[in-house]
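Welcome! Take a moment to look over the sequence and the 3D view, and then we will walk through them together.

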Amino acid sequence: MYHGIRPGWIEVIAGVMFSGKSEELIRRVRRAVIARKRVQAFKSHLDDRYSGVHRISTHDGITVEATPVDSAAEILRRVRPDTEVAAIDEAQFLDESLVTVAVTLANRGVRVIVAGIDTDFRGEPFGAMPALMAVAELVDKLHAICVVCGDPACRNQRLVDGRPAAYDSPTILVGGSETYEARCRHCHQVPLVDERQGRLFETAPPSARAHPRAR
Ligand code: ADP
Ligand code: ZN
């Protein structure tokens, strides 16, 4: 927990699905309410799992009321002048101007708590999350449990019809038939990358193998 004497800072809760981000966000919101702070919660309207768009929900069914928004700018329009704590869930689905919005609110004296998935199904930085993690005063990176081996999980495994989704499938697939699992780095599979890396290992010198983008 970050405690500045002067109000206004950014806290980021990052991690994979099932890592407990919403639980942690709700815990902080509840404590702020107990401390009689004026709190507003927001979430991307893209995520309407479990209980509809007006609530932040955990996978275990705990909820807090939230205003659904289409864009980061809408948060700035809807935040009340006397709000002391702004909580934002599913930040990875909002546009990258969320960084400017969070900084603007924090500079204005608002405690901004942002929760979001930090890497997409490919294992690459997701939306505004990496920049938010850089400008925040406090970053907590949470882990789930890998469903394959039981280690701490830091990757979202996308499965389509039960098989690992290819690298070139779209980043956001709302309402699709896919499912997700929490997995560790070693159990995470992204087929096209794995194939490309296989070819790389046959031909390239060690220095070019480090990252698929390094070619
Ligand atoms: P997030 O917001 O990060 O998706 P939630 O707060 O909604 O996470 O849910 C976290 C809860 O999900 C855990 O407390 C646990 O009960 C449940 N859960 C289900 N699958 C897993 C898993 N593979 N690893 C850890 N927790 C899991
Ligand atoms: Zn694993």
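## The nonpolar core

Let us begin on the inside. The largest nonpolar core has 25 residues, and the members that touch the most others are Ile75, Leu98, Val112 and Leu132. Several elements each supply at least two residues of this core: β1 (9-15), α2 (72-78), β6 (85-89), α3 (98-107), β7 (111-116) and α4 (129-135). Which of them gives the most to this core? That is α3, with six residues.

Keep in mind as you explore that this is a predicted model. There is also a general idea to hold on to: in soluble globular proteins, nonpolar side chains tend to be buried together.

## Helix α1

Now turn to helix α1, which covers residues 21-34 and so has 14 residues. From its first C-alpha to its last it reaches 20 Å, close to the 20 Å expected at 1.5 Å a residue. The buried residues of α1 are Lys21, Ser22, Glu24, Leu25, Ile26, Arg28, Val29 and Ala32.

What comes just after this helix? Arg36 sits in the loop between α1 and β2. Its phi is near 60 degrees, a positive value in a residue other than glycine. Is Arg36 buried or exposed? Arg36 has a relative accessible area of 76%, over the 50% cut-off, so Arg36 counts as exposed.

## Around ligand 1

Next, find ligand 1. It is surrounded by 15 residues, and the closest are Lys21, Ser22, Glu23, His59 and Ile145. Helix α1 gives the most to this shell, with three residues. Both α1 and β9 (144-145) supply at least two residues each. Sorted by class, the shell has six nonpolar, five polar and four charged residues.

Some polar atoms of the protein can be paired with oxygen atoms of the ligand. For Lys21, a polar side-chain atom lies 2.7 Å from an oxygen atom of ligand 1. For Ser19, a backbone N or O atom lies 3.1 Å from an oxygen atom of ligand 1. For Val16, a polar backbone atom is 3.4 Å from an oxygen atom of ligand 1. How much of the ligand does the protein bury? Taken alone, ligand 1 exposes 580 Å², and the protein buries 76% of that.

## A buried glutamine

Gln40 belongs to strand β2 (residues 39-44). With a relative accessible area of 7%, under the 20% cut-off, Gln40 is therefore buried. What does its side chain reach? One partner is the backbone oxygen of Arg78, at 3.2 Å. In addition, a polar atom of the Gln40 side chain lies 2.8 Å from the backbone nitrogen of Arg80.

## Two loop residues to find

Phe18 is in the loop between β1 and α1. Its relative accessibility is 42%, and because that value falls between the 20% and 50% cut-offs, Phe18 counts as partly exposed. Try locating Ala182 as well: Phe18 and Ala182 are 164 residues apart along the chain, and their C-alpha atoms are separated by 6.9 Å.

Finally, look for Asp161, in the loop between β11 (155-160) and β12 (163-164). Asp161 has a phi near 50 degrees, a positive value in a residue other than glycine. Asp161 is exposed, with a relative accessible area of 59%.

Conventions. Residues are numbered from 1 along each chain as its sequence is written. Chains are lettered from A and ligands numbered from 1 in the order in which they are written. This is a predicted model: local features need pLDDT of at least 70, side-chain atom pairs count only at pLDDT 80 or more; totals for chains, interfaces and linings use all residues. Side-chain values use heavy atoms; hydrogens and water are left out. Helices (H or I, at least four residues) and strands (E, at least two) are DSSP runs, numbered from the N terminus. The expected span of a helix is 1.5 Å times one less than its number of residues. Buried means under 20% relative accessible area, exposed over 50%, partly exposed in between (1.4 Å probe, protein chains only). A residue is near a molecule or strand if one of its heavy atoms lies within 4 Å of it. A polar contact is a pair of N or O atoms within 3.5 Å; within protein, one must be able to donate a hydrogen and the other to accept it, and residues adjacent in sequence count only if both atoms are side-chain atoms. Accessible areas come from the Shrake-Rupley method with a 1.4 Å probe; for residues, only the protein chains shown count as cover. Ala, Val, Leu, Ile, Met, Phe, Trp, Tyr, Cys and Pro count as nonpolar, Asp, Glu, Lys and Arg as charged, and the others, Gly among them, as polar. A nonpolar core is a set of buried Ala, Val, Leu, Ile, Met, Phe, Trp, Tyr and Cys residues joined through side-chain atoms within 4.5 Å.
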